[in-house]
Amino acid sequence: MDYLQLILGFALLVAGGEALVRGAVAVASRFGVSPLLIGLTLVGFGTSTPELVTSLQAALGGFPGIAVGNVIGSNVANILLIVGVAAVIMPMVVDSGAFRRDGAVLGVATALAVGVVLVGTLERWMGGVLIALLLGYIWLAYRTDRRAVASAIGDEAPISAPTTGSLWIALGLAAGGTILTILGAHLTVKAAVTLALIWGMSETVVGLTVVAVGTSLPELVTSVMAALRRQSGIAFGNVIGSNIYNILGILGVTALVQPIPIPPEIAQLDVWVMLAAAVALIIVVMAWQRIGRGVGIGFLGAYVAYTAWLVSGA
């Protein structure tokens with residue numbers, strides 16, 4: 001039954017990812033905002049919902065290793081695995097000017113996560129600060145993007161309002177895709193965790209690997225679908241938005257609901273791998289404005305090595 005659950009989960013993820021990308025692109029065009037902003041918000045946050053549900057359930061159930069390891073592991077997987085796979089399929093071209101804001105926020109959020117891990121406990125007040133930063137970032141991203149689009153089409157030309165019917169169809173497609181990806185991720189994670197625990201893996205390693213990759217499957221499928229459709233803004237924005245939301249949103253909400261201790265083993269290696277992956281991504285984008293196949297292969301190789309190290313020590 002667990003293997004059947006895995007197969008069904010993957011099928012729902014593929015269908016949901018396709019619908020989500022189609023709906024997100026349509027919403028971007030209707031509202032006159034860039035695909036990058038939609039990837040950062042609607043797609044990035046939507047595909048991070050499985051991480052939110054999983055971390056909350058783990059924290060309330062007394063499994064801090066899974067709650068925190070899920071976020072750290074997902075962020076590592078988002079950059080090294082998902083960006084790697086998407087870049088191998090179709091090299092990503094990124095506007096370095098637009099990325100300065102989002103790359104800076106990603107860097108700050110990652111540094112905050114490192115600080116929280118080193119402190120050793122995620123308190124409620126910390127969660128409140130993280131949530132406030134997330135809301136501020138969303139507002140800044142929206143305002144900046146709208147000004148950029150308005151400037152591109154001319155200051156005197158208003159951005160056309162969407163027609164009601166087409167907008168609802170686009171939003172419905174995006175929402176339906178999100179629901180399918182969340183359901184698919186739930187089935188996949190549930191089966192994968194059961195199998196991993198049977199194989200004797202520790203709680204923290206399960207959170208960093210099986211749960212992290214499982215809850216990142218919506219991001220993986222969505223970014224792959226976007227890459228195949230040559231929507232690099234959606235593919236890249238999805239990863240950046242998801243990583244920012246994982247730290248500021250998921251850790252923030254989890255801390256507000258249930259303060260949690262940070263497993264000490266995460267501070268030894270995993271949080272530093274997350275930091276190194278974020279720094280590597282920022283440097284590559286700012287230096288070359290693209291993520292080519294060579295970089296994608298390098299990211300994938302690093303992820304395979306990291307996962308092998310975790311499993312070997314499980």
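## A residue in helix α10

Is Asn-246 buried or exposed? In this predicted model, Asn-246 has a relative accessible area of 0% and is buried. The residue belongs to helix α10, which covers residues 232-257. Leaving out residues up to four places away in sequence, Asn-246 touches Ser-48, Glu-51, Val-71, Ser-74, Asn-75, Asn-78 and Leu-251. One of these, Glu-51, is itself listed among the buried residues of helix α3.

## Overall make-up and confidence

The protein chain contains 12 helices and 4 strands. Of its 314 residues, 53% count as buried. Among contacts with a separation of 6 or more, 87% join residues that are 24 or more positions apart.

The mean pLDDT of the chain is 79, and 79% of the residues reach 70 or more. Among the elements, helix α11 (residues 264-288) has the highest mean pLDDT, 92, and helix α2 (residues 35-47) the lowest, 67. Over residues 152-164 the pLDDT stays under 50, and the model has 13 contacts beyond four places in sequence for that stretch. Where pLDDT is low, the predicted coordinates should not be read in detail.

## The nonpolar core

The largest nonpolar core has 72 residues. The members that touch the most other members are Ile-79, Leu-122, Phe-236, Ile-244, Leu-281 and Ile-291. Helix α4 (residues 64-89) supplies the largest share of this core, with 14 residues. In soluble globular proteins, nonpolar side chains tend to be buried together.

Ile-244, one of the core members with the most such neighbours, can be followed further. Beyond its neighbours within four places in sequence, Ile-244 is in contact with Asp-102, Val-105, Leu-106, Leu-134, Tyr-137 and Gly-249.

## A buried salt bridge

Asp-102, one of the contacts of Ile-244, also takes part in a salt bridge with Arg-101. Their side chains meet at 2.8 Å, N to O. Both Asp-102 and Arg-101 are buried. The count for the model comes to 1 salt bridge. Side chains of opposite charge can pair when their charged atoms come close.

## Helices α3 and α9

Helix α3 (residues 49-60) has 12 residues and reaches 17 Å from its first C-alpha to its last, close to the 16 Å expected at 1.5 Å a residue. Its buried residues are Pro-50, Glu-51, Leu-52, Thr-54, Ser-55, Ala-58 and Ala-59. Just after α3, Gly-62 has a positive phi of about 80°.

Helix α9 (residues 217-228) also has 12 residues, and its reach of 16 Å is close to the expected 16 Å. This helix is mostly covered, with 11 of its 12 residues buried. Among the buried residues of α9 are Leu-217, Pro-218, Glu-219, Met-225 and Ala-227. Arg-230, which follows α9, has a positive phi near 60°.

## Helix α12

Helix α12 (residues 293-312) has 20 residues, which should span 28 Å at 1.5 Å a residue; its end C-alpha atoms are 28 Å apart, in agreement with that figure. Which residues of α12 are buried? They are Gly-296, Phe-299, Tyr-303, Tyr-306 and Leu-310. Seen down the axis of α12, these buried residues fall within an arc of 95°, so they line one face of the helix. An α-helix has 3.6 residues a turn, so residues three or four places apart point the same way.

On the other side of α12, the exposed residues are Gly-294, Ile-297, Val-304, Trp-309 and Ser-312.

## Gly-184 and Gln-289

Gly-184 lies in helix α7 (residues 164-198) and counts as buried, at 0% relative accessibility. Its C-alpha atom is separated by 7.3 Å from that of Ala-11, although the two residues are 173 residues apart along the chain.

Gln-289 sits in the loop between α11 and β4 (290-291). With a relative accessible area of 31%, Gln-289 is partly exposed. Its phi is near 60°, a positive value in a residue other than glycine. Most residues other than glycine have a negative phi.

Definitions and conventions:
Residues are numbered from 1 along each chain as its sequence is written. Side-chain values use heavy atoms; hydrogens and water are left out. A nonpolar core is a set of buried Ala, Val, Leu, Ile, Met, Phe, Trp, Tyr and Cys residues joined through side-chain atoms within 4.5 Å. Buried means under 20% relative accessible area, exposed over 50%, partly exposed in between (1.4 Å probe, protein chains only). Helices (H or I, at least four residues) and strands (E, at least two) are DSSP runs, numbered from the N terminus. Contact means heavy atoms within 4.5 Å. The expected span of a helix is 1.5 Å times one less than its number of residues. The arc is that of the directions from the helix axis to the C-beta atoms. pLDDT is the predictor's confidence in each residue, from 0 to 100. A salt bridge is a side-chain nitrogen of Lys or Arg within 4 Å of a carboxyl oxygen of Asp or Glu.
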